[in-house]
Amino acid sequence: MGAHTPGGSGLIGRERERDLVSAFLAGLSDGGRILHLSGVPGIGKTAVVRFAVDAAARQEVPVLSTSWVPDERGLRYAALHGLLRPRLPRLRQLPPEERSLLESAFAGYAAEPEPEHLARSALRLLALAPGPVLVCVDDFDRLDAASRDTIGHMARLCGQTQVSLVVAERAAPAAWLPADALTTVLTPLPAAEARELVHRSRPSAAHAEAELVLAVAQGNPLALTELSLGGNGLRDAAGFGMLPATPRLADAYAEDLRALSAAGHGVLLTAALSTSAVVQEILDAGACLPGGTQAARAGLAEIAERGLVGVRDHHIRFPEPLIRTAVLHAASAARRMAVHAALGQSVTDPAHAAWHTAQCVTGADEELAKRLESLAEGPWPGAGLLRSLAALECAARLSADPERRAGRLLRAAELACHHGLVEQARQHARSIDPDELGDLGNAMLLWLHDLVPGNLPVGRERIAQLCSAARAVAAAHPVLAQKLLHAAAGRCWWQQAGATDRDLVVRTLKELRTPPWRTRDIAVLALTDPLSISHLPLRTSEPPDPDQRLLLGQAAHLTGDFTQAAVFLQEAEAAARADGRHGRLPHILAARALGEIWRGAEWRTAEAMAAEGRMIATGLEHRNFAVRAIGAQGVLAALQGRHDRALQCAAEIEEASLHLGQGQHLSLATLTRVLTASGTGRYAEAYAQLRASFTELLTPYSFEQFWGLAFLVEAALPAGEADDARAVVEQIDHRTRTGRSPLLERILGYAGAVLAPDEEAENRYRAALGEGSEQWPLLYAMTQFSHGMWLRRRRRVLESRAPLITAESVFRSLGAIPRAELAAAELRAAGLADTTESGNTAAQVLSPQQLTIARLAAQGLTNRAIAERLQLSPRTVASHLYQIFPKLDVTSRAQLAEKLDPR
C-alpha cells in the first residue's frame, strides 16, 4: 500500500516522485533506462509503481510487471516467469539458443543458465515488439534469488535495448544498478498530505481518531490507511503508545521476521513489548525466557545486525516503529503474557513494571491498580493518550472496590471525551454499574450523559436531577458535585431555561459553595446569571491550568467580554492542541469565531475558526457547538453579502434547534436573517425581526441581545423606529450600570450617538469614536459610517468625507462588502469622485444621489427598500428614477442593470 487512495482514486502528494516518473517516461524512446525506488515498508513504493504503470499506459507504452508473491517463496524464477508470461507465446521467434535458455529456466532443469545469458534472452524476448517497453518490478528484494539475479543483469544490459525498468525495493540503491540509473528514496508524507490520505481512506473517522492515527503512523501511507482504534480495546501496543497492527500491516514485515532464529524472535518480541528501552532490562527479561542470558544476547546481536533495532547509549530503538506492532500481531497471546511477566520483573520503573505485570494478572490487586494510575497522568502529546487510557482500563479491571473501579472508569471516560474519542468514552461509561454505587453511580452517569456528546436529548427536568445529584455527592465527592452543577447550568443556557430552573442551580451552588467563587463556580454563574458576575475579575491560578483557561474563557465570552475571552480561549486552544484534547476544540473555536466577528480586523480568521470548529464538532457529534459554528458562518456570510449562504445557515440552525429541543441557537439564526434583510435594504423587516428578541429584556442570555442591539439601532432610523429603539437602549443602559463588558459599553455609545437629538449628536459621536474605539473594527466602521451620513444630511458635506472614507476602508478590509458599497455611495453623494467611474456614462450624466439610486435599483431593490437604505421617502426615490430613465435612455430596471453593470 502506498499513497494511493482506496479504489484507485490517485496518488496523493509525491510531487517529486511524479516529476521523476514523468521525466523518466519522457526519455523511453532514447533507449533503455532504470528508475530505482526505495524506502521502508508501507512508504508508498507500490503506489509510485502503479502511477508509473498508469502514466505509461496513457502514453500507449506496453507495460509488463512482476512482484513478490508469498506462496511462490522458494520457487526459482517464479517472478521472472510472471514478468515474461504475456510474451511467452512469442518464444519461438527467438534464436534456438536463447529460447532454450528460457525454457530450461522455467522447466526447472538441473543445469541452470548463467544469469547474464538468461537476462539477454529475456531482453531479446521483450524487444520483439517494436517501440519502447516498460518493465515494473515491485518488492525486488523479496523476489526469489534466481529472478533477482536475472533482473539485476537485465538492468545492467537494458541500455542497449528499448526496454526500461522501474524497480522498487526496501534497500537503498545497490551496486548492481548502472551509473546512469535514476534513484529516489521515498520519505514519509508531509502532514497535510497524510491528513488528506486518512480522510480519503476513512471519511467517517472522527477528528480525534484521525489525529491519533496521524501521530502513530508518522507519515507512513500504509499505516495511515490501516491503523484505527477498532472495537476490541487498546491491547498491548497501547503500552508504548501505538495502535494494534492489522493483518495487512503485519504482513509488510512478515518476511523480516520469518528468517529470525528463535532467540532473535524472543528478544525482538521482548523489546517490542517493553515500555523500557534500556538494553539491560530487556536482556534481563529475555534471560527469563527459554535459552537464558546467552540466547538473549545472541538474539539481540542478530536483530541489530539485520537492522531491525539499533543500540545506542545502552538503549534500544526501532528505526521503523511500526515493526513493533507487527511483532506483537505475529506472537500468540500466551507468548506475549510470558514476556510481560518477565518484563514485570526486569523493568525498574514501578509504574511501567506494573503495566507489564497487570497483563498477566486475572484477579483484583489494588496496589497494582494504584501504580498503574500514575501512568495516566498528562500531558498526553501524540499517542501518549493511548497509554493513559489503557492504564486506567487495567486499573479498573484490577479494582476490587466498586467505588474505586467506577472512579477509574469515570476518569477514563472523561479523558477519552476530552480528547474526542467519543465511542471509547461511551464504552467506559457503560462499564459503570449504578446498582453497585447508589447515589454516586447515578451521579457519575448523569455527569457522563451530559459530558459525552451525541447522547439523546433530554428535557429540562434533567436540570433538577443534576442539582439533586450534586447535593447527594457533595460531601464525599466535591469535584464531581461541581461538575454536575456546571452541567445543570449548561442545560439552563442551551435550553434557555426559565427563572425557576436558573434559581435552582444558583441556589444549589450557594448551598454547596461559598465565596470567593472558584473558576467552575464562576462558569456556573456565567451560564445562569452572567450580569451578576460582570464586575468580577477573572483570574487563573499560577501556573494557569488549561481547564481554568477554558472555563474563564467561557465566562468572559458569556458576559460579552470578548477581549478577555480571546486571551483565555487562545491559551486554552494552544493547550488543547498540544495535549491532543480535540474534544475541547469545538467549544473553543465556535466561541473564538463569534468573538472575532467583533474583534477581527479581517474575517478570514473567524471564517477559518468557524469552519474548523464545525468540522471537528460534526465529527465528534458535538451538535450544539456545530450549530454555534454554523451560526458564526451565517452571521459572517450575511455581513459579507453572501445572502443565499447566510439564509442556508439560518435554516440549518433552525432545523437543528428543533431537533435538539434547544432554543439558544435561534438567536444566531435570527441575527443572520436580520443582517441579510438589512444588507438588502429591508430595514423595516430587519427591525421587526430583531425587535421581537428584545421583548423580554436582559434574560441571562442577554449578551447575544447586546450584539443585536447595534444592528437594531442601525435599522431603527431608516425603518422609522427611532423612538422605540431609544426605549430599548434606555432599559439596557439602566439595567447594566453595575457592570458592562467593553463591547457593550461601545455599543451603547454607538446607540446613543445614532439616536441622539441633533444638539447632542456631535458630542455623542466624538465620545463613541474616542480612544480605543478602533479595537472593535466592525462597530468602529458602523459608527464612522453613521457619523458621515449624519454630517452629510446636515449639509456638512466636506466634513462627512473623512468618516465615510474610513468606514469604507474598514468595511472592505473586513470583507463587509455591502456596507462598503453603502459607504462608497454616500461618498459619491458627498461629491467625492470614484476613480472607478472614469468613462462611465451614467456617472457623467447623473448626480451622485441619482447614481446611487440607479445602482440600487439595478440590483433589484424596490423603491421602498431603496428609501429605507438611503433614508428617503419612496416618493422621492420614484421621482429620481423618473428622471434617471430618460437620461440613460432606458425604460426598465432590467435595461438599467445592463447599462450600469453594477458591481
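Which helix gives the most residues to the lining of the largest pocket? Let us find out by starting with the pocket itself, keeping in mind that this is a predicted model.

The largest pocket holds about 1400 Å³ of space. Fifty is the number to remember for its lining: of those 50 residues, Trp447, Asp450, Leu451, His622 and Phe625 are the closest to the centre of the pocket. Several elements give two or more residues each to this lining, namely α20 (402-418), α23 (439-451), α25 (478-494), α27 (519-528), α28 (546-558), α30 (585-599) and α32 (623-640). The answer to the opening question is α25, which gives the most, with seven residues. As for the chemical character of the lining, its residues divide into 23 nonpolar, 14 polar and 13 charged.

One of the elements just named, α27, is a good place to look at a single residue. Ala526 lies in this helix, and with a relative accessibility of 0% it counts as buried. Which residues does Ala526 touch, once those up to four places away in sequence are set aside? They are Ile533, Ala555 and Leu558. Leu558 sits 32 residues from Ala526 along the chain, yet the C-alpha atoms of the two are separated by 6.1 Å.

Now turn to the cysteines. A disulfide is a covalent bond between the sulfur atoms of two cysteines. How many disulfides does a search of the whole structure find? The search finds zero. Take Cys158: the closest cysteine sulfur to its own is that of Cys136, and because the two are 13 Å apart, they are too far from each other for a bond. Cys158 is also buried, at 2% relative accessibility. Cys492 is likewise in no disulfide, and the nearest cysteine sulfur, in Cys467, is 7.2 Å away. For comparison, a disulfide here would need the two sulfur atoms within 2.5 Å. Cys492 counts as buried too, with a relative accessibility of 0%.

Our last stop is helix α35, which covers residues 683-692. Which of its residues are buried? They are Tyr683, Ala686, Tyr687 and Leu690. Looking down the axis of α35, you would see these buried residues fall within an arc of 95°, so they line one face of the helix. A general rule helps to make sense of such a pattern: an α-helix has 3.6 residues a turn, so residues three or four places apart point the same way.

Key: Residues are numbered from 1 along each chain as its sequence is written. This is a predicted model: local features need pLDDT of at least 70, side-chain atom pairs count only at pLDDT 80 or more; totals for chains, interfaces and linings use all residues. Side-chain values use heavy atoms; hydrogens and water are left out. Buried means under 20% relative accessible area, exposed over 50%, partly exposed in between (1.4 Å probe, protein chains only). Helices (H or I, at least four residues) and strands (E, at least two) are DSSP runs, numbered from the N terminus. The arc is that of the directions from the helix axis to the C-beta atoms. On a 1 Å grid over the protein atoms alone, a cavity is a set of points where a 1.4 Å probe fits but cannot get out, and a pocket is an open set with protein on both sides within 12 Å along at least five of seven lines; lining residues have an atom within 4 Å of a point. Grid points are joined across faces, edges and corners, and a volume is the space filled by probe spheres set on the points. Ala, Val, Leu, Ile, Met, Phe, Trp, Tyr, Cys and Pro count as nonpolar, Asp, Glu, Lys and Arg as charged, and the others, Gly among them, as polar. Contact means heavy atoms within 4.5 Å.
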